[in-house]
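Student: I would like to go through this model by asking, for each label put on it, what value stands behind that label. Could we set each value against its cut-off before we conclude anything?

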Amino acid sequence: MLHLRMIVPQGSTGDVVSLLEGTVGATHVAVLPGAALNPRGDIVMCDVAREAGDELLRALRRMGVADTGSIAVEHIDLSLSARADKAEEEAPGESADAVLWESLTDATHEESTLTVTYLAFLALATMLAACGVMLDSAILIVGAMVVGPEFGPLAGVCTGLVQRRGRLARRSLTALLVGFPVGMVLTGGFNYLMDALGVFSVTDFTAPHPSTSFIWQPDASSFVVAFLAGIAGILSLTSAKSGALVGVAISVTTVPAAANAALALSYGDYRELWGSSAQLGVNLAGIVIAGVLTLLAQKGFWAMQRRRRSVSRPA
């Protein structure tokens, strides 16, 4: 269930309450007249089944509630109510399959903004991956994958394209196009420092790396893995099962490929540089293509659900 708390101008409260009472899956409607001070208005609250939440939020936006007041949405972890149980039963579909597009757009907006923190995490992840390459340590490579924050902007690109939110798509693409080069440049500087201190050496880089050589040797399976990871990542975001994102992070070699490209450039190994760059491109493309197709499929599924409900609804 979701809990909605709205600030509504007093002249619109009646229309909003009528909408809530007529929404299948909504219950526990409450009004606090004149309780809001900034902006002034009434506070209206309700609970709604997650699978009915997206349609309700769109209707509230069309009524201008978000423009003249506010809409806050919270997830309810536990609701002991017979009315809530009935509302969930009446709502179409299943809660786990529902997509809250407003929530997804807001989440990807936050995760895809180019910030100092984002750049710091990406640079640190790339440096950790560089250590993993030099030491031929699969454990360090996995750790770097988990630290890397690049899935947020990738999800933002997918959401922006499907929802036709140009600003979100551009912001996310900027985070990727700026973040990876910055991380690679800083990793190159890190490598020069480690080399000067005698921690890294060209011998370490050119030595056989049986555990990490896949990073700069892309093949068909690289795209397949990225594609499957992209589907899993988008599903984890839309279903609020964020725990699956850890598995997505350690499935693709975006950060390790960027790290190996930085090392290869530092040591003048252009063969590995191009191989790593190709690996990075294949992974990014696979995730974006899979993410867009997954979101389109989910959008089509719920459009079909709404059409079925409108047909079955009595006249």
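**Labels and the values behind them**

Tutor: Let us begin with Arg-5, which has a relative accessible area of 37% and therefore counts as partly exposed, since that class lies between the limits of under 20% for buried and over 50% for exposed. Please keep in mind that this is a predicted model.

Student: What makes the pair of Glu-74 and Arg-5 a salt bridge?

Tutor: The side chains of Glu-74 and Arg-5 meet at 3.5 Å, N to O, and the cut-off is within 4 Å for a side-chain nitrogen of Lys or Arg and a carboxyl oxygen of Asp or Glu, so the pair qualifies. Glu-74 belongs to strand E4 and Arg-5 to strand E1 (residues 2-8), so the contact ties together parts that are 69 residues apart in sequence. Glu-74 is partly exposed too, because its relative accessible area is 40%.

Student: How many salt bridges does the structure hold, and where do Arg-58 and Asp-54 lie with respect to each other?

Tutor: The structure holds two salt bridges, and the side chains of Arg-58 and Asp-54 form one of them, with an N to O distance of 2.4 Å. Arg-58 and Asp-54 are four residues apart in helix H2 (residues 50-62), so about one helical turn separates them. In general, an α-helix has 3.6 residues a turn, so residues three or four places apart point the same way.

Student: Why is Asp-54 called buried, while Arg-58 is called partly exposed?

Tutor: Asp-54 has a relative accessible area of 7%, so it is buried, the limit being under 20%. Arg-58, with 28%, is partly exposed.

Student: What makes the contact between Ser-81 and His-28 a polar contact?

Tutor: The side chains of Ser-81 and His-28 come to 2.8 Å, and a pair of N or O atoms has to be within 3.5 Å, one able to donate a hydrogen and the other to accept it, so the label applies. Ser-81 sits in the loop between strand E4 (70-75) and helix H4 (82-90) and is buried, with a relative accessible area of 16%. His-28 lies in strand E2 and is partly exposed at 31%.

Student: How do you know that helix H13 has the span its length calls for?

Tutor: Helix H13 (residues 254-267) has 14 residues, so at 1.5 Å a residue the expected span is 20 Å, and its end C-alpha atoms are 20 Å apart, which agrees. The expected value uses one less than the number of residues.

Student: Why is H13 described as mostly covered, and what does Ser-266 contact?

Tutor: Of the 14 residues of H13, 12 are buried, among them Val-255, Leu-263 and Ser-266. Ser-266 has 16% relative accessibility and therefore counts as buried, and its side chain reaches the backbone oxygen of Ala-262 at 2.9 Å. H13 is followed by Gly-268, whose phi is positive, near 70°.

Student: What makes the phi values of Asp-136 and Arg-164 worth a remark?

Tutor: Most residues other than glycine have a negative phi, and most peptide bonds are trans. Asp-136 has a positive phi near 55°, and Arg-164, which is not a glycine, has a positive phi of about 55°. Asp-136 lies in the loop between helix H6 (116-135) and helix H7 (138-147) and is buried at 19%, whereas Arg-164 lies in the loop between helix H8 (151-163) and helix H9 (166-196) and is exposed at 76%.

Student: Why is the peptide bond from Asn-38 to Pro-39 called cis?

Tutor: The omega of that bond from Asn-38 to Pro-39 is near 0°. Pro-39 is found in the loop between strand E2 (26-37) and strand E3 (40-48).

Student: How many disulfides are there, and are Cys-46 and Cys-158 buried or exposed?

Tutor: A disulfide requires a pair of cysteine sulfur atoms within 2.5 Å, and by this rule the count is zero. Cys-46 has 0% relative accessibility and so counts as buried, and Cys-158, at 1%, counts as buried as well.

Definitions and conventions
Residues are numbered from 1 along each chain as its sequence is written. This is a predicted model: local features need pLDDT of at least 70, side-chain atom pairs count only at pLDDT 80 or more; totals for chains, interfaces and linings use all residues. Side-chain values use heavy atoms; hydrogens and water are left out. Helices (H or I, at least four residues) and strands (E, at least two) are DSSP runs, numbered from the N terminus. Buried means under 20% relative accessible area, exposed over 50%, partly exposed in between (1.4 Å probe, protein chains only).
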